[in-house]
Amino acid sequence: MGPETPLRLAGPADVAVVTGLIGDFRDFLGGSRPDNAAIESAVSALIGDPSTEFLLAGEPETGFAQLRYRLSVWTGNEDAWLEDLFVKPDARGAGFGRALVEGSVDRARSRGCSRVQLDCNRDNEAAVRLYESIGFAPVHNPQKWGDTPDLFYTLPIAG
């Protein structure tokens, strides 16, 4: 995809779009909860929260990223948590995931965040390759966390 990938910040008028994409993500994962009404309620609350952003990719929208911002004692600045990233299966491999991750990093940088963090199941090889190709580095402490299948990634973005 590249720079021509349509990417935009979701607003209040996009509650149904974001709700639908999160429902698609839930279904892709094989879950049945939360139900669509609960997703819509949460999205309605979060989309107006200045500590949360949803990025949408594609026209029509085929993927989303959810970013959460919080002040960190460790950095003295806000950090961004890339909470969710999903691209519909039929749109994968076209650059939407990369555009969403890079757009998330750009949004965090524009807010003055010190880093972007996320977790990813180590068996999700495509996602691991994507995050590492952008510069995220896994941090794993087996003494502290055991043999968890999730990897914790950090990308420093401020000096």
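These are my notebook entries on strand pairing and pockets in a predicted model.

Entry 1, the strands. I began with strand β3 (residues 63-71) and strand β4 (residues 78-87), which pair in the antiparallel sense over nine bridges. Taking one bridge as a reference point, I looked up Phe 64 and found that its partner in β4 is Phe 86. The hairpin of β3 and β4 has six residues between the strands, and there I noted that Gly 76 takes a positive phi near 80 degrees.

Entry 2, the other partner of β4. I then followed β4 to strand β5 (residues 115-121), where the pairing is parallel and runs over two bridges; here Trp 81 has Gln 117 of β5 as its bridge partner. With helix α3 (residues 96-110), β4 and β5 make a β-α-β unit, which I recorded as right-handed.

Entry 3, the largest pocket. I read off about 750 Å³ of space for the largest pocket, and a lining of 27 residues, with Leu 85, Phe 86, Asn 124, Ala 127 and Tyr 131 nearest its centre. Phe 86, which I had met as the bridge partner of Phe 64, thus returns in this lining. β4 gives the most to the lining, six residues, and by class I listed 16 nonpolar, five polar and six charged residues.

Entry 4, the second largest pocket. For this one I noted about 230 Å³ of space, lined by 14 residues, of which Ile 22, Pro 34, Ile 39, Gln 66 and Asp 84 are the closest to the centre. The elements that give two or more residues to this lining are α1, α2 (36-46) and β4, and the largest share, five residues, comes from α2.

Terms used
Residues numbered from 1 in each chain as written. Predicted model: local features only at pLDDT ≥ 70, side-chain atom pairs only at ≥ 80, totals over all residues. Heavy atoms only, no water. Pairing = 2+ DSSP bridges. Helix = DSSP H or I, 4+ residues; strand = E, 2+ residues; numbered from the N terminus. Right-handed = clockwise from strand over helix to strand, strands pointing away. 1 Å grid on protein atoms, 1.4 Å probe; cavity = no way out; pocket = protein on both sides within 12 Å on 5 of 7 lines; lining within 4 Å. Points joined across faces, edges and corners; volume = space filled by probe spheres on them. Nonpolar A, V, L, I, M, F, W, Y, C, P; charged D, E, K, R; others polar.
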